[in-house]
Structures are given as structure tokens and as C-alpha cells.
Amino acid sequence: MTLLSSRSIQPVDPGLLSRALEVAGRLANDASDVITATAGRGARPESKDSPFDWVTDTDRTLERHTRRVLASEFPGIPVHGDAFGADEEISAAPYRWVVDPVDGTTNYVAGIPWCAYSLALLDEHGPVVGVVADPYRAQIYAAARGRGTRANGTPVKLIDKTEVAGAVMCTEWTKTGPWPGMDSFIARAAKARAGVRVLGSAALSVAQVALGHAAAAVLHSYHEWDVAGAVALAVESGAVVLDRRGSGDPLPLDGLLVAAPGVADEVLTWWQESLDVAATRSVPPRLPM
């Protein structure tokens, strides 16, 4: 198990960190106001790949606003967003912004008070700055490399958990439904007397670990813009960030586990064993000779 520390990663110009934090926080506050004012009130969803893979007018409005402000404040740093995709120069840039204007759009459209705005500045080593707005709880969570995590300006430091019994684990559906082995993962957690919650926002699921509300979050698949802001919170608060093989990585390409250090190995084992069970199920039985 590898505990990532932002202090061992390439440092960033302090001026850039401070300015990025300030601008990102301002954008998160703007997004909170818009989301709480419009949720569940004629959001006019436009379906993409599935009935619950929606883009709304609010997604577009917030991403346009985010892009305008970032272009003015940080000219030359490209943006990759959920609603409008990536700027052309993004692959060669030393820094990039990633934004999900409404993470948890299904909840937003339905008026369920559980969605987020997520914005992060990344470099080749992972998140540099991350903010997640939790509009319905009037919270702005923010983190910067080497500067820790804050909730509405108050420092947050993860208090480690040493056992899974009584703890909450978060996970999320894929676009097509349960991820392979998800039922087995939930069964393993239940046997260990842990609870699993599927709440509908990847950003807030990871943020719950950073805040100490959940012991772990497992995401079988995700987009970078969904979770980069929350992963910044998790790393800075002291959580473990692993891929499904157990390797430390600030933004793994092959699934994501964010956990309190004391339970990370056990939850990783559940995840890996659940994936093994799913792989076995998918192998057709051998016919008798």
C-alpha cells in the first residue's frame, strides 16, 4: 500500500497555487448559487449515451462561465470539461484545468439534494488545486498541493479508521449499471458489517472519504473531470489513493480506490476478489468431452 503525499511531488509556484485556489473557490461559489436556484425546476436534460447520462442547460451555462473566467485569469492553460470536451492544445500543456459543472446530473434533474461542481488544476503529477462545491450543504471544499484540505476555510485532516465494522463505503454505478463484481463487493462489505452507499455523485463520494464521513470509495470507472477535485481533497487530507492493482497513483486509469489508510488493504482485497468472481462468471463453462 502506498500513501501518497503531495509534499513528495513536484512543487508548484506558490503564486500560481494561491491564485488558482482563489479563482477556483470563486467559481465554486458561483456554481453553488446556480445549482441551488435551478435544481429540479425545468432543467431540460439532453440524453447522451443512456437515459441517465444527461447534459442540461445548467451544465452548459456553468462550463461556459468557468471557461470564460479561466481564459481571462490563466491564459494559455487549456480546459477539459464534461459539457464541451477538451481544448486542442491540452495534450502538450504543462497544466490543464478539468471541470464537471454538475456531477450527479440525475440527482440534479430530479431535485435530489446530492450533486456537486468540481474543478481541478492538474499537471503531470496529478492534482495541483482542487475544489468541490456541495451546494445543498453550503460547503466549498478546497485543497492545494502541500497546503492541506479545507471545508469553508476550516482545515480538514483525516482521522484514520482501523476497522471496517460500522464504517460506510461509497461506490457508484457505471453508465450501463452495476460494475462487474459490484454485488460481490457489497456482500463482502455486509459480511464485515460495513455499509455500502451508492449516492449518485463520484465527486462527493470521494469527498466523503477526505472529510472522514466514509472509510473508502471505490469507482470502477470514471472521467478525470468527475473526481480530480475530490482526489486533491483526499490526498491533502491524508487518504490513500490506489488503482485496482494496489499501486499508488493520484489519478489511476484503471479504477480508483480512495480510503483511510487503516482500512485500505482490506477494502482493496474485497474489490480485487469481487473482480475475480466477476471474471470467473464471464468464462463460459467447458463442455464435457
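**Exercise 1. Work out which residues form the salt-bridge network around E73, and what the E73–R26 pair connects.**

*Solution.* Start with the network: E22, R26 and E73 are linked by salt bridges, where a salt bridge is a side-chain nitrogen of Lys or Arg within 4 Å of a carboxyl oxygen of Asp or Glu. Before going on, a word on the ground rules. This is a predicted model, so local features need pLDDT of at least 70, side-chain atom pairs count only at pLDDT 80 or more, and totals for chains, interfaces and linings use all residues. Residues are numbered from 1 along each chain as its sequence is written, and side-chain values use heavy atoms, with hydrogens and water left out.

Next, take one link of the network: E73 and R26 come to 3.5 Å, N to O. E73 sits in helix α2 (residues 57-73) and R26 in helix α1 (residues 14-38), so this salt bridge ties together parts that are 47 residues apart in sequence. Helices here are DSSP runs of H or I with at least four residues, strands are E runs of at least two, and both are numbered from the N terminus.

Last step, accessibility: E73 is partly exposed at 29%, and R26 is partly exposed too, at 34%. For the cut-offs, buried means under 20% relative accessible area, exposed means over 50%, and partly exposed is in between (1.4 Å probe, protein chains only).

**Exercise 2. Find the salt-bridge partners of R67 and say where they sit.**

*Solution.* Begin inside the helix: R67 and E63 form a salt bridge at 3.0 Å, N to O. They are 4 residues apart in α2, so about one helical turn separates them. Both R67 and E63 are buried.

Then look outside the helix: D87 also forms a salt bridge with R67, with the closest N and O atoms 3.0 Å apart. D87 is in the loop between β4 (85-86) and β5 (96-103), 20 residues from R67 in helix α2, and the pair links distant parts of the chain. D87 is partly exposed at 25%, whereas R67 is buried at 17%.

**Exercise 3. Lay out the sheet and place α2 on it.**

*Solution.* Write down the strand order: the open sheet has 8 strands, β4-β3-β5-β6-β7-β8-β9-β10, with mixed pairing; two strands pair if DSSP finds at least two bridges between them. The edges are β4 and β10 (154-156), each pairing on one side only.

Now add the helix: α2 packs on the sheet and touches β3 (79-81), β4, β5 and β6, its direction making about 155° with that of β5. Contact means heavy atoms within 4.5 Å; axes are lines fitted to C-alpha atoms, for helices over the stretch in contact, and angles run from 0 to 180 degrees between N-to-C directions.
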